[in-house]
Amino acid sequence: MPDIGYLNDRFTPLEEIAISPDDRGFLFGDGIYEVIRTYHHVPAFWEEHYCRLLRSAQEVRIPFPIKSADFHRLLLTGLEQSGYPEGKIYIQLTRGVAPREHGFPVNAEPTVFLSFREMKALPIEFPHNGVKVITLPDIRWDRCDIKSLNLLPNVLAKQQAQEVSAFEAIFVRNGLVIEGATSNIFLVKDGQLRTPERNHFVLAGVTQQQIISLAQENGLPVQFERISPEALYQADEVFLVGTTIEVLPVVKVDEQVINNGVPGPVTSSLQGYFTNVLAHL
Ligand SMILES: Cc1ncc(COP(=O)(O)O)c(C=O)c1O
């Protein structure tokens, strides 16, 4: 089955896509993106991702030229052409192609690029046994609520984590836990779920919102809160959430072992509830 690309109104095999060297996404990171998982050919939570895409586009003042119904049709066409039941759709919108000047170009059309690839599953021991994370200073800008292409701090943080065999880097700003380089974070303390308060330092995660709803439906209280690294160290359970990782238990934060190094019962229940939702998309 082929990887499929879509650029400016055309679907082709992904390797045939050619992006202009003058594309502002390439030159400036002047754009935004989304990632959608597909399960048994169904794009999961596509409306939530579409809404966030529109919001990100609006915040950076790039018009998004595709209406909701047309966008959904595009996703289904790409999925059909690629044929992967378990897939990953990447969506990128940039301010378009123009000679390199910082100010907005006058006549450029936004670039819309999509790719449709097979989802490579995480090693099975990650969701089963849990992962290690490290905390790092958050050196990103203060509009992390926008899913912008400017991911250099995230790239550096993730690499730093991987170099010490950690799965994820957790950003800490002004003494507060914010989110992972590629994920949102929850802790469980005394039967209550907590996740960092929502503001412009953190991405409002689609998976995070699903998990909050599922927890509430199943009688687990959830609070948005200011969370210190110490609160993370002292948590009964910690877990990460995100589109490509789903719900991932954390069993070590820096040098602190969580829940004796095994995934906790609340995390395992939420993994079960979420898997059930995904099976019925
Ligand atoms: C910085 C950051 N935070 C949180 C998330 C999780 O968001 P979502 O569940 O919408 O994928 C991501 C996902 O890529 C991310 O990059």
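**Exercise 1. State how far apart the C-alpha centres of domain 1 and domain 2 lie, then describe their contact.**

Solution.
Step 1. In this predicted model, 26 Å separates the C-alpha centres of domain 1 and domain 2.
Step 2. Locate the two parts. The domain assignment places domain 1 at 4–118 and domain 2 at 125–279.
Step 3. Count the contact. Domain 1 contributes 19 residues and domain 2 contributes 10 residues.
Step 4. Find the elements on the domain 1 side. β3 (31–39) and α2 (46–59) each supply at least two residues there. β3 gives the most, with eight residues.
Step 5. Sort that side of domain 1 by class. It has eight nonpolar, five polar and six charged residues.

**Exercise 2. Identify which residues come nearest to the ligand, and which elements they help to map.**

Solution.
Step 1. The ligand has 13 residues around it; Gly205, Val206, Thr207, Gly242 and Thr243 come nearest.
Step 2. Two elements give two or more residues to this shell: α6 (206–217) and β13 (237–242).
Step 3. The largest share, three residues, comes from α6.
Step 4. By class, the shell holds four nonpolar, eight polar and one charged residues.

**Exercise 3. Work out how α6 is oriented relative to α8.**

Solution.
Step 1. Take the axes of α6 and helix α8 (residues 265–279). They come within 10 Å and cross at roughly 110°.
Step 2. Angles of 65 to 115 degrees count as roughly perpendicular, so α6 is roughly perpendicular to α8.
Step 3. List the partners. From α6 come Gln210, Ile211, Leu214 and Ala215; they meet Leu270, Tyr273, Phe274 and Val277 in α8.
Step 4. Classify this contact. It has seven nonpolar, one polar and no charged residues.

Methods: Residues numbered from 1 in each chain as written. Predicted model: local features only at pLDDT ≥ 70, side-chain atom pairs only at ≥ 80, totals over all residues. Near = placed C-beta within 6 Å. Helix = DSSP H or I, 4+ residues; strand = E, 2+ residues; numbered from the N terminus. Nonpolar A, V, L, I, M, F, W, Y, C, P; charged D, E, K, R; others polar. Axes fitted to C-alpha atoms, helices over the stretch in contact; angles between N-to-C directions. Parallel < 35°, antiparallel > 145°, perpendicular 65-115°, else oblique. Contact = placed C-beta atoms within 7 Å. Domains from an automatic or database assignment.
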